[in-house]
Every structure is written in C-alpha cells, then in structure tokens.
Amino acid sequence: MNKPETFAVPNITAQDMDAERLVTYPTEAFLSKDYVEAEKRLLWPKIWQMVERESDLPNPGDWLTYNVAEESIIVLRKDDGTLKAFHNVCPHRGRQLVSVPDFLPSATSAHKTPVHDVRGSNRKNFICGFHGWTFNLEGENTYILDPQDWGNKLTPEMTCLSEVQVDTWQGYIYINMDPDAPSLKDWMGRAGEILSHFDLAGMQYKWRQWAIYECNWKTAIEAFLEPYHVAGTHTQLLAYGDYYALSKQYGLHSVSSYDTRDSKFQMSESAGTTRAGKGDDPRVSTYELIRENYETVNYSASTETLVNAASRLKDELPETATPQECIAHWIKSAKADDAARGVIWPEVPPEIKKEGGLAWGLFPNQNILHGETFALCYRVRPYGDDPNKCVFESYALERFPEGEAPETQWVYAEPTGENWGAVLAQDFSNMEFVQKGMKSSGFRGPLPNPHQEQKVINLHRNLAEFMEGRGAPSLIGNRTQLD
Ligand code: FES
Ligand SMILES: [Fe+2]
C-alpha cells in the first residue's frame with residue numbers, strides 16, 4: 001500500500017516486529033468516542049473492506065447494502081455480470097436511496113427484527129422515495145421531476161450516484177470508497193497470494209451468524225487473532241493438543257501458526273489445523289484433537305470428511321505409526337474420500353502450507369482460519385457511535401460437492417454456547433470484560449506477547465498509519481537497550 005511519506009509518528013516498524021521487540025500501545029483505540037469519530041473519517045472510507053461472498057449476488061439485478069460506521073454502500077450485479085458499487089445516497093437532498101434501518105430495532109423504529117443488511121433481486125433501477133429521482137444500474141440519473149426549474153443547468157455529473165471501487169478476491173466482494181486507493185491485489189499482497197492457494201473461491205457458506213456484542217470491534221477481532229489464549233480460556237482443549245503459537249507480520253496483514261516450544265519436535269505439517277494430537281497413541285489423539293475442535297467450534301475449522309478419516313486411523317494403521325505417518329495417512333484418506341464424492345482438494349505446495357500457517361488476520365477486521373476444504377472466519381464492525389459495542393460476525397465456509405451447499409442466510413444469534421458452540425462462548429466470556437478491564441485506572445497498558453500475539457500488535461501498527469498516528473504502538477525501553 002501507499003504509505004504517506006511524511007508520516008512522523010512514534011510508530012514501530014515491521015523490523016521491530018520481526019525482531020519481536022517489547023511494545024505497548026495506548027487504549028484510546030478501544031475506548032475513546034473521539035477515536036470512533038476519527039475512524040469514520042480516516043479509516044473506513046480509505047480501506048479495502050469485505051462486503052459479502054460473491055455467491056450472494058449470483059444474477060444480474062441482484063443487489064445488497066454494506067454498512068459500516070456512517071457509510072452505506074449499494075453493491076449490485078449488472079446485466080453484463082460485472083459488479084458495481086455506489087454510495088447509498090441520493091444526490092438530490094441526501095436521502096438514503098435504499099432505506100437501511102439500524103442493525104437493532106429501537107423503541108421508535110418500525111422494523112422489529114435485527115437488520116444485517118438490505119438486499120434484493122431483479123433491480124432495473126433505483127427510485128428515490130423522497131422526490132422520485134431515478135438511477136439506472138450504471139448509477140446514471142434517468143429521471144428528474146421538473147429539471148427546467150434548475151434552468152436546465154444540472155449536468156449528469158451533478159446528478160449521478162457516487163461510485164465506489166469494487167473488486168473481488170477469492171469469492172469475496174470488496175469495496176473501497178477511496179478513488180485513489182491502491183488495487184485490491186496490492187492491498188492483499190503476499191497474504192492474498194498465499195491464501196489463494198487454498199482456493200477459498202471454491203468454498204461456500206456452511207453457516208453464518210452475527211450478533212451485537214458489548215465491546216469495541218478491535219477487542220472482538222483480537223480475541224480471535226492469537227492462540228496464546230487457548231491455554232487460559234479453552235483449558236479443556238489442552239487435553240488434546242498443545243497450542244503454542246508463533247505469529248508474523250506480512251505488512252498490513254499477519255499470520256499465526258502452531259509452533260512447538262522445543263524445535264526438535266517441529267514438523268511442517270504441524271503449523272495448521274491438520275496436526276497430530278497429544279498422547280501416547282497418535283492414531284487416537286489425532287482423532288480426538290480434531291473431533292473435539294470440530295464439535296466444540298460449531299462444526300467448523302474442519303470437515304465431516306476429515307473427522308471421519310481420523311476416526312479410522314486406529315483401524316488402518318499399526319500401533320507403531322508415528323505422528324508424521326498418522327497425519328500423512330489421514331490427509332491422504334480424507335482427500336480420497338472427498339474425491340469420491342466430487343470434492344477435489346486444491347494442491348497446496350508444502351512450503352505454502354507451512355507459510356500459510358493456521359489463520360490470517362486481514363487488516364483491519366477479518367480473520368480467516370483456513371484449510372484445503374474449509375475456513376472459519378470472523379469479521380467485526382463498529383456499532384453506531386459507541387466504542388463499547390460492535391457488530392460481530394462469524395461464518396464457516398466449506399468445499400461442497402456441486403449443488404450440495406446448504407442454503408444459508410445471516411442469522412442473528414445471541415452470544416451463547418447454545419448458538420455458537422462451547423469454544424466461542426468461552427471467547428465471548430472474555431471480550432466484554434477485556435473492554436471493561438482496559439478502563440481501569442490501574443491498567444498500565446497492554447503488554448502483548450511479541451512472539452505469539454504479533455497479529456494484535458500489527459493491527460495497531462497499521463491502524464496508526466491511517467489514524468494520523470493515534471494509538472500507535474511504541475517500544476518499551478529504548479532501541480539501544482533492546483538491540
Ligand atoms: S432526496 Fe432523492 S429525490 Fe429528493
Ligand atoms: Fe478462542
């Protein structure tokens with residue numbers, strides 16, 4: 001991305017992160033109303049952000065609204081199959097072209113259910129509900145009542161909709177309100193290249209849920225950016241595997257991987273979700289690890305095929321099988337099982353698999369935990385003007401046989417274990433109280449783990465670049481001491 005050359009802010013560098021130096025950052029990005037206002041000016045209108053999966057707009061005339069902070073964008077599919085995006089505002093006197101209620105109903109509002117977005121199909125034009133100005137799918141004005149009253153001086157440029165950049169990546173629709181923004185390809189960078197090997201474009205929704213949650217959007221996404229919390233939060237998972245992690249910045253984005261504290265146990269297969277479990281018999285522990293993860297993370301972060309193939313390891317391999325042999329056999333048989341039902345795995349080169357690790361934090365508000373046949377993803381947005389609330393979304397993607405993907409839609413689900421699975425409920429049980437705890441006058445500021453929580457640090461490093469330096473991480477101590 002283009003970084004402003006003249007940025008004189010006390011921000012840490014990518015090299016500081018690679019060297020795993022000790023840093024801290026102020027809490028204003030989480031707590032300050034003024035920071036929320038500044039995000040509306042400096043962040044959301046300037047960045048590439050994910051709108052929805054492309055498969056939600058399959059046909060010409062399909063459209064939906066994407067809403068973030070004060071912005072509402074209409075994205076639509078045109079007759080020629082390409083996408084177009086506009087600010088959802090009428091150029092006459094500023095009525096929203098499509099009425100988008102707040103996410104949650106208020107005492108005075110007419111809508112009675114939570115509104116994730118507004119969408120529809122078969123659109124030929126948009127007619128403003130106020131004075132009837134009309135726009136075609138190119139955003140051109142096609143009707144104004146009494147144009148002669150303006151002395152016929154209104155030009156097409158004055159009366160068309162304001163266009164927004166739109167592009168796609170791996171089956172996702174992205175928009176950027178900044179006409180001068182770098183391309184989406186440049187924005188995604190190496191992270192985009194690595195993830196594209198996993199062919200997320202060939203996956204579809206398995207389920208998708210959302211909630212309004214009581215914390216800042218950063219507090220929420222950070223709860224999913226690092227596996228350092230597994231030992232403290234998801235204690236039950238320690239029976240099945242170790243959760244030591246490493247993390248690494250990739251410019252705007254960053255990755256985490258499973259790591260081993262002792263390097264002699266390191267193997268390239270152990271970086272992601274397909275790894276051996278902990279225990280005397282890897283045939284059993286590998287199965288137990290994957291089954292436990294799958295069942296307690298709302299049937300995601302793996303697939304039925306992988307769990308079933310792991311369940312057969314005990315029958316198909318001798319007692320003497322090593323962890324490496326177990327993983328190799330497991331992956332081979334799951335791949336064959338999937339092929340038999342028409343699900344073909346992408347061929348991911350081993351070095352990409354290793355570099356691809358476990359999960360990616362895509363700046364600023366997305367997290368994708370990926371495999372060849374699945375992805376578990378999070379996206380968080382601010383909620384109104386309140387720094388203590390967010391719109392939290394999680395969804396699972398899976399590679400399904402042709403025509404067998406389930407019909408899904410966004411389901412509003414209160415953050416409970418029943419709705420989200422035991423593991424997410426444990427994450428929810430922290431987030432609200434991190435938000436509260438950071439307000440304590442006794443809190444000296446975060447001390448993020450430079451090895452395992454680098455994704456969190458990187459989020460703040462990059463945010464500060466957009467936020468005129470506000471919230472920038474700084475080194476603890478001075479450079480000479482730390483070198
Ligand atoms: S505000 Fe849209 S036609 Fe007047
Ligand atoms: Fe967690």
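**Figure 1. Pairing of β5 with β10 and β4 in the predicted model.** F86 has E163 as its bridge partner in β10. The model shown here and in the following views is a predicted one. Strand β10 comprises residues 163–169, and its antiparallel pairing with β5 extends over 2 bridges. Strand β5 (residues 83–87) also pairs with β4 (residues 71–77), again in the antiparallel sense, here over 5 bridges. Within that second pairing, I73 is matched with H87 of β5. The hairpin formed by β4 and β5 has 5 residues between its strands, and G81 in this hairpin adopts a positive phi near 90 degrees.

**Figure 2. The open sheet of 7 strands.** The strand order is β2-β11-β10-β5-β4-β3-β6, and the pairing is antiparallel. The edge positions are taken by β2 (49–53) and β6 (119–120); each has a single partner strand, so one side of each lacks a neighbour in the sheet. In general, strands of a sheet pair through backbone hydrogen bonds, in either a parallel or an antiparallel arrangement. At the β6 edge, strand β3 (residues 63–68) runs antiparallel to β6 and is joined to it by 2 bridges. L64 has R119 of β6 as its bridge partner.

**Figure 3. The segment annotated as Rieske.** An unreviewed UniProt entry carries the annotation "domain: Rieske" for residues 48–175. The C-alpha atoms at the two ends of this span are 6 Å apart. Helix accounts for 3% of the span and strand for 35%.

**Figure 4. The contact region between domain 1 and domain 2.** The domain assignment places residues 1–45, 190–272 and 343–483 in domain 1, and residues 49–180 in domain 2. Taken over C-alpha atoms, the centres of the two domains are separated by 30 Å. Contacts involve 22 residues of domain 1 and 16 residues of domain 2. On the side of domain 1 that touches domain 2, at least two residues come from each of α3 (33–42), α5 (184–196), β12 (204–213) and β17 (374–383). This side of domain 1 consists of 14 nonpolar, 4 polar and 4 charged residues.

**Figure 5. Surroundings of E214.** E214 is located in the loop between β12 and α6 (217–222). Is E214 buried or exposed? With 20 other C-beta atoms within 10 Å, E214 is buried, because a residue counts as buried when 20 or more such atoms lie within that distance. Leaving aside residues up to four places away in sequence, E214 touches N388, K389, E432 and Q435. By contrast, L238 is 24 residues from E214 in sequence, and their C-alpha atoms are 28 Å apart in space.

**Figure 6. Two asparagines with positive phi.** Most residues other than glycine have a negative phi. N152 has a positive phi near 55 degrees, and N298 likewise has a positive phi near 55 degrees. N152 lies in the loop between β9 (141–143) and α4 (156–159), whereas N298 lies in the loop between α8 (282–296) and α9 (304–311). Their surroundings can be described in turn. N152 is classed as exposed because it has 8 C-beta neighbours inside 10 Å. N298 is buried, with 22 other C-beta atoms within 10 Å.

**Figure 7. The cis peptide bond at P364.** Most peptide bonds are trans. The bond joining F363 and P364 is cis, with omega about -5 degrees. P364 is situated in the loop between β15 (359–362) and β16 (366–370).

**Figure 8. The whole chain, as context for the close-up views.** The protein contains 16 helices and 20 strands. Its C-alpha atoms fill a box of roughly 90 × 60 × 45 Å along the principal axes. The radius of gyration is 24 Å, in agreement with the value near 23 Å for a compact globule of 483 residues. Of the 483 residues, 41% are buried. Among contacts with a separation of 6 or more, 68% are between residues 24 or more positions apart.

Definitions and conventions
Residues are numbered from 1 along each chain as its sequence is written. Chains are lettered from A and ligands numbered from 1 in the order in which they are written. This is a predicted model: local features need pLDDT of at least 70, side-chain atom pairs count only at pLDDT 80 or more; totals for chains, interfaces and linings use all residues. Domain bounds come from an automatic or database domain assignment. Two residues are in contact if their C-beta atoms, placed from the backbone, lie within 7 Å. Helices (H or I, at least four residues) and strands (E, at least two) are DSSP runs, numbered from the N terminus. Ala, Val, Leu, Ile, Met, Phe, Trp, Tyr, Cys and Pro count as nonpolar, Asp, Glu, Lys and Arg as charged, and the others, Gly among them, as polar. The radius of gyration is taken over C-alpha atoms; the globule rule is 2.2 Å times the number of residues to the power 0.38. A residue is buried if 20 or more other C-beta atoms lie within 10 Å of its own, exposed if 12 or fewer, and partly exposed in between; C-beta atoms are placed from the backbone. Two strands pair if DSSP finds at least two bridges between them. UniProt positions are given in the numbering used here, feature names are shortened, and annotations may be inferred rather than shown by experiment.
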